[in-house]
Amino acid sequence: MCGIVGFTGRQDAKDFLLDGLFKLEYRGYDSAGVAVEQPKGGIEVIRRVGMVAELARAVKESDIAGKCGIGHTRWATHGAATENNAHPHIDCSGKIAVVHNGIIENYMELREELTAKGHTFRSDTDTEVIAHLIEECYEGDFVEATRKAISKLRGAYGVAAIHADHPGVIVVTRKDSPIVVASSVKGAFVASDTVAIVEHTRDVVYLDDDNIAVLNPDGHIDFIDADGNAVYPEPVHVEWDAEAAGRSGFPDFMLKEIYEQPRVIRDTLADRLVDGKISFPELESVGNLANDIDSVTIIGCGTSYHAGLIARQLIEKWARIPVSVEIASEFRYRNPIITPRTLVIAITQSGETADTLEAIKQSRGNGAKAVAITNVVGSRATRESDAVIYIKANMEVSVAATKSFLAQNAILAVLALYLAQERGAIPQDEVCKLYGEMQAIPSQIEWILHQTNDIKRCAKACYKAHSVMYIGRQFGDVTCKEGALKLKEISYVHAEAYAAGEIKHGPIALIDDTVPVVAIATKSSTYEKVISNIEEVKARGAKVVAVATEGDEHIKRYTDLVMYIPDIPEYFSPITASVPLQLFAREIAVLNGRDVDKPRNLAKSVTVE
Ligand code: F6R
C-alpha cells in the first residue's frame, strides 16, 4: 500500500526521504515521488512510475536541495499508475504539496465544488482535492487551513503537507490510516510506518485520529486536536532497532524471517505459565472473558485467516466452545450473529487491514468484546479493540507472512489452553502438559532449517509446474491452505489446497503427470486416510511430495519425494509443517526468478477495502 515520509531539520531532506521510501518499498507500490522546499523559495516535485530506484536516479540527476520535504510511494486506487497520478500533488499556486494514504470517499463532490470555484485539477486522484482544499481554506495560517480542509473530508487518510510560504513546516494529520511522527537532534520526521524512522530515533508518537502534528525544523512537534486545542500525546519507545529492519546477510527478507522463527516462537511462548496457570494479563481489563461467552468468532484475512482456522480446531478441542472463522471482507457484509456473549478474536499482523478493522467495529457495535492479536504496537487494531495480545514476531518486512503466522499460531494455541483452563474444560495438569509440549517447537523448527537440501530437491522437481495441488486432512488441511497461498503469492504458480477426502468430489479431475501434489502426511489420526488419498493421485500420474514425520520410511513407498519434520502431536503440527512449505514456496519462487519479498500486485498492509 502507499507509504508516506517527511523530514524537516538541519540537513538535506532528500537523503532521508529516499532512504525512507526504500524502507517502505516492501509495502508494495507502483510509483513514487518527493516534494522538497528549495533554498531559493518554492517547492520542487519529482515523481516517477516504477521502483524507488527510478525516483532516486531522477532526484540525484536533479539539483533538488532543501531541508524540508515529503515523499510517497503510491499503490494506485484512483487513477492509473502514471507520473501525473503519483504523489506529491500540488494546488493551483504550486505552493502547497500533499502526500496522502487512504481513500477520500467524497472526493468527486469536493472536486466538482472546487472546480466550480476555479481550481484546476491535473490528476485523476482523490488526493489532489486535499491540496486544493487547503489552498481554498488558506488565509495566511497553514495549520488552520489544513484543519479546516480535513474537516470536509470523508474516508480514510494519512496526510503530510508543506507550504512554500511556511518554510520548514510540515503539517500532518490522519484518520483511519497510520501516521507516526518523531523528533531528534537532526529535526522532525513523519512516516506511515515506524520502519522509515527507527534508524533516527526509537521514541515515536502514533498520531491519534483527527489530530494534527506540526513539525518544525528544530525538531519540535506541536499537536492539536480537530478543534484546534493543544494535545500532548505520549511517545512510545519502539523495542526493535534498525538492525532488525536489515537483511542481516540473507538474500531476502523472507528467508531471514523464516530463520527467525525459532526465536519468535520462544519469545511468543515465554512467560505464559505463571504458578502453574496459563496467564494472559492483557485480558484482565475485559473481565471473565472465558466464562461470559457462548461462542467465539475469529476474523482475519489471508494468512491471518488461516491461523484462525487452526485456532478453531484447538479452541473447540480443548475449551469446547463453538468457534466460527470468518474472512473479514465477507463477515462485514453478511449481518453475522454476534452478541455480547460472543468473543471476537481479530487476527492481523499489521493491525491495519481495513476489512478486519471494520469487522472489529461491527462486532463491538453488537456488544461483543474484541481481542486483537497483532504484531504492530500502536496499530489501529490496538486502538479499536477491547484488549490486545501482541505476537512477538518483530517487524516483518517480506510481503509473504511467515514468522508472524507461526507466532499467531503459537499464541492462539496458548489462548485456547487459557480458555480451556478458565472454563475448567480440561484438567490443569493437562493444560500444563500441553503447554510443556509446545516448548519443543523452536528446536524442532531449527531441525527443519537444517533439512533445506531435501526441501530444495522437492522444489526443483516442481518449479516448472503450471499448477500444484496441496492435500491434507484436519490440521494438515489448514496447513495446505497456507502452503498453497505462499506458493501462489510469491512464485505466481497456481496452487489449489483441498481437504484430501474432498478431491474425489471434483478436483481430482485436474490431476495428471503435470500437476505435482504436496501431501501433508505427518503422523496423525488420519495418516492412513491420507495415504489412500495419495494413492488416488498417484494412480492418475501425479508426482507426490510429502511432508512426513521424521523416521517414517513407509511413506517413501507412496511418494516421490519427502520433506521431513520432527515428531509432534498433530494439534501443533501446522506450526512446524508450515516451515518446509514456506521454504518450498520460496525456493520455487527463486528458481522462477521472482522478487521474493515484493511479489507483484501485493502489498504488506492492505489498508483499503
Ligand atoms: C500472505 C499475507 C496476507 C496477509 C493478509 C492479512 O502471506 O501476508 O494474506 O496475511 O493480507 O494481513 P494482516 O495479517 O496484516 O491483517
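How far is an oxygen atom of the ligand from an N or O atom in the side chain of Thr353? In this predicted model, the separation between that ligand oxygen and the Thr353 side-chain atom is 2.4 Å.

**Ligand contacts**

Thr353 belongs to a shell of 13 residues around the ligand, in which Ser304, Gln349, Ser350, Thr353 and Glu489 come nearest. Three of these residues have a polar side-chain atom whose distance to a ligand oxygen is listed in the following table.

| Residue | Distance from a side-chain N or O atom to a ligand oxygen |
|---|---|
| Thr353 | 2.4 Å |
| Glu489 | 2.5 Å |
| Ser350 | 2.6 Å |

The ligand on its own would expose 400 Å², and the protein buries 90% of that area. Sorted by class, the surrounding shell consists of 4 nonpolar, 7 polar and 2 charged residues. With regard to secondary structure, helix 8, which spans 302-319, and helix 16, which spans 475-491, each provide at least two residues of this shell, and helix 8 gives the most, with 3 residues.

**The pocket**

The ligand takes up the space of the second largest pocket, for which the computed volume is about 500 Å³. The lining of this pocket comprises 24 residues, of which Cys301, Gly302, Ala603, Lys604 and Val606 are the closest to the pocket centre. By class, the lining of the second largest pocket divides into 11 nonpolar, 10 polar and 3 charged residues. At least two lining residues come from each of helix 8, strand 19 (342-348) and helix 16, and the largest share, 3 residues, is that of helix 8. Helix 8 therefore recurs in both descriptions, since helix 8 gives the most residues to the shell around the ligand and also the largest share of the pocket lining, where helices and strands are understood as DSSP runs numbered from the N terminus.

**Backbone geometry**

Two backbone features of the model can be described separately from the ligand site. Most residues other than glycine have a negative phi, and most peptide bonds are trans. The peptide bond that joins His87 and Pro88, however, is cis, with an omega of about 0 degrees, and Pro88 is located in the loop between strand 4 (68-74) and strand 5 (89-90). Asp271, although not a glycine, has a positive phi of about 65 degrees, and Asp271 is placed in the loop that runs between helix 7 (261-269) and strand 15 (273-274).

Terms used:
Residues numbered from 1 in each chain as written. Predicted model: local features only at pLDDT ≥ 70, side-chain atom pairs only at ≥ 80, totals over all residues. Heavy atoms only, no water. Near = heavy atom within 4 Å. Polar contact = N/O pair within 3.5 Å; in protein donor to acceptor, adjacent residues only side chain to side chain. Areas by Shrake-Rupley, 256 points an atom, 1.4 Å probe, with all protein chains shown as cover. 1 Å grid on protein atoms, 1.4 Å probe; cavity = no way out; pocket = protein on both sides within 12 Å on 5 of 7 lines; lining within 4 Å. Sits in = over half its atoms within 2 Å of the grid points. Helix = DSSP H or I, 4+ residues; strand = E, 2+ residues; numbered from the N terminus. Nonpolar A, V, L, I, M, F, W, Y, C, P; charged D, E, K, R; others polar. Points joined across faces, edges and corners; volume = space filled by probe spheres on them.
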